[in-house]
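User: I am new to this structure and would like to go through it step by step. Please keep the answers short.

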Amino acid sequence: MVATVGPDMVKLLTVDPDKIFSSRMGWETLAGEYFSGSLMLMDFDDHRLQRRLMQTAFKTDSMRGYIDSVNTITKDTLNTWQTAQPLTFYPAVKALLLEIAAKVFLGAALDDEAAELNKAFIDFANGTVGIIKKDWPGLLHHRGMKGRRVLEKYIWRSIDAKRQGDGTDMFSHFCHEKNQNGQYFSHQEITDHMVFLLFAAHDTTTSALTMVMHLLAGNQDWQAQLRDQVLQSNIDELSYDQLDSVPLIEYTFNEVLRMYPPVAGVIRRTIKPCEIGGHQLAAHTVVQTSILATHHLEEYWRAPFSFDPMRFSPARQEHKQHPFLWAPFGGGAHKCIGLHFADMLFKCVLFQVIKKFQVDFAHNNQANDKVQYLPFPKPKNDLPVILSEV
């Protein structure tokens with residue numbers, strides 16, 4: 001593998017104007033069985049065609065239809081969170097986002113199936129980092145593949161009913177889309193895309209919200225400033241048109257994704273000989289670039305290992321030094337199709353949590369707790385916190 005770093009390398013591998021780098025061949029060894037048929041494992045014309053299937057679900061009109069569910073479920077769930085005693089934040093917010101995903105993505109209430117699907121999500125995510133890629137009982141990979149099969153079964157059996165209905169959830173949008181020949185996309189195509197979308201949107205935002213709570217608990221001055229601006233907004237919840245109305249939430253979102261990007265890097269494989277940074281590479285060479293490392297380069301970022309959301313303020317704009325310096329959503333044709341949904345989900349949930357609760361660590365010295373980075377960043381202890389009503 002050739003390892004690279006820096007915004008020029010992020011641009012080269014993601015924009016790929018000469019079609020040198022294959023995303024499918026880059027990722028398939030690591031995650032091919034988990035994300036088979038997904039956009040991440042497609043290249044060029046096939047990728048462009050399948051991406052069409054998903055675009056309607058992320059257009060502005062569709063997004064406006066999702067935000068009411070996001071806000072309602074968030075407020076109802078926060079009312080059930082315990083206060084004045086330790087709450088383990090990671091599983092709590094994961095359960096919240098699973099319920100949102102069920103409503104917004106699948107157009108369903110999980111009810112009795114929630115526990116089974118939540119376990120499937122957890123096993124699926126953990127399985128992706130299993131070292132031995134064999135579907136043998138007892139291995140992480142086996143549990144991960146079993147989790148995928150649970151998700152597949154749930155989605156596949158619902159497709160026909162979705163096609164006959166008039167739902168506005170993402171799943172319904174996918175089921176109603178047709179390909180260039182005027183035919184519906186197949187059950188397998190829809191299932192593959194939905195499994196990947198549920199995983200990507202659910203677990204990445206769970207990571208971002210967990211890490212932002214870790215950072216806010218460790219930076220009480222910033223938490224106070226953020227809460228003051230939220231309360232001064234005099235709004236009960238963020239509407240779609242108000243997502244940018246609280247600038248400090250925007251800066252916080254950008255900074256947590258800079259420090260802890262849910263996807264730490266980009267992996268590709270060359271499909272023909274090429275030159276990178278003055279080095280000749282043969283065809284079929286695996287090339288990766290680290291978004292995590294690029295986000296911490298001292299030649300671009302002031303005190304890069306410090307939490308400093310104001311680096312994204314109009315007065316500083318450190319991220320504007322290069323268009324690919326801040327790249328948590330990748331770039332080019334494979335740029336995350338759900339980035340605007342992630343932005344909306346993160347801001348709506350953070351707005352409600354900060355408006356309702358003071359967030360403190362549950363234990364001394366917790367700010368120094370170790371963070372695991374795979375499959376997604378989170379404190380190893382799942383972040384126990386104390387919530388106090390504001």
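User: What share of the contacts in the chain with a separation of 6 or more comes from residues 24 or more positions apart?

Analyst: The model is a predicted one. Contacts here are those between residues with a separation of 6 or more in the chain. Among these, the share that joins residues 24 or more positions apart is 73%.

User: How many helices and strands does the chain have?

Analyst: The count covers the secondary structure of the chain. It comes to 14 helices and 11 strands.

User: What radius of gyration does the chain have, and how does it stand against that of a compact globule?

Analyst: The C-alpha trace spans about 55 × 55 × 45 Å along its principal axes. For 390 residues, a compact globule would have a radius of gyration near 21 Å. The value for the chain agrees with this, at 21 Å.

User: What percentage of the 390 residues is buried?

Analyst: A residue counts as buried when its relative accessible area is under 20%. Of the 390 residues in the chain, the buried ones make up 54%.

User: Which helix gives the largest share of the largest nonpolar core?

Analyst: The largest nonpolar core has 104 residues, and W81, F105, M194, F341 and L350 touch the most other members. The largest share of this core is 16 residues. They come from the helix at residues 187–218, α10.

User: Which residues does F341 touch, not counting those up to four places away in sequence?

Analyst: F341 is one of the residues that touch the most other members of the largest nonpolar core. With residues up to four places away in sequence not counted, F341 touches F58, M63, Y66, V104, F105 and M170.

User: How many residues are in the other core, which lies apart from the largest one?

Analyst: Its members include C274, I276, L281 and V287. This other core lies apart from the largest one, and its size is eight residues.

User: At what angle do α3 and α10 pack, and is that roughly parallel or roughly perpendicular?

Analyst: Helix α3 covers residues 44–55, and its axis is 11 Å from that of α10. The angle between them is about 70 degrees. Angles from 65 to 115 degrees count as roughly perpendicular. At about 70 degrees, α3 is therefore roughly perpendicular to α10.

User: Which residues make the contact between α3 and α10?

Analyst: By class, the contact has three nonpolar, two polar and one charged residues. Helix α3 brings Q50, L53 and M54, while α10 brings E189, H193 and L197.

User: Is T191 buried or exposed?

Analyst: T191 lies in helix α10. Leaving aside neighbours within four places in sequence, T191 is in contact with E152, I155, W156 and I159. Its relative accessibility is 0%, so T191 counts as buried.

User: What is phi of F44, and where does F44 lie?

Analyst: F44 counts as partly exposed because its relative accessibility is 28%. Its phi is near 55 degrees, a positive value in a residue other than glycine. F44 lies in helix α3.

User: Where does L383 lie?

Analyst: L383 is not a glycine, although it has a positive phi of about 60 degrees. With a relative accessible area of 1%, L383 is buried. L383 lies in the loop between β10 and β11.

User: How far apart in space are P384 and T88, C-alpha to C-alpha?

Analyst: P384 is found in strand β11 and counts as buried at 10% relative accessibility. Not counting residues up to four places away in sequence, P384 touches L87, T88, F361, A362, H363 and Q366. P384 and T88 are 296 residues apart in sequence, yet their C-alpha distance in space is 4.1 Å.

User: Is the peptide bond from L374 to P375 cis or trans?

Analyst: P375 lies in the loop between β9 and β10. Omega of the bond from L374 to P375 is near 0 degrees, and the bond is cis.

User: Is E318 buried or exposed?

Analyst: E318 has its place in the loop between α13 and α14. Apart from neighbours within four places in sequence, E318 is in contact with Y300, W301, R302, R311 and L325. Its relative accessibility is 6%, so E318 counts as buried.

Technical notes: Residues are numbered from 1 along each chain as its sequence is written. This is a predicted model: local features need pLDDT of at least 70, side-chain atom pairs count only at pLDDT 80 or more; totals for chains, interfaces and linings use all residues. Side-chain values use heavy atoms; hydrogens and water are left out. A nonpolar core is a set of buried Ala, Val, Leu, Ile, Met, Phe, Trp, Tyr and Cys residues joined through side-chain atoms within 4.5 Å. Buried means under 20% relative accessible area, exposed over 50%, partly exposed in between (1.4 Å probe, protein chains only). Helices (H or I, at least four residues) and strands (E, at least two) are DSSP runs, numbered from the N terminus. Contact means heavy atoms within 4.5 Å. Axes are lines fitted to C-alpha atoms, for helices over the stretch in contact, and angles run from 0 to 180 degrees between N-to-C directions. Angles under 35 degrees count as roughly parallel, over 145 as roughly antiparallel, 65 to 115 as roughly perpendicular and the rest as oblique. Ala, Val, Leu, Ile, Met, Phe, Trp, Tyr, Cys and Pro count as nonpolar, Asp, Glu, Lys and Arg as charged, and the others, Gly among them, as polar. The radius of gyration is taken over C-alpha atoms; the globule rule is 2.2 Å times the number of residues to the power 0.38.
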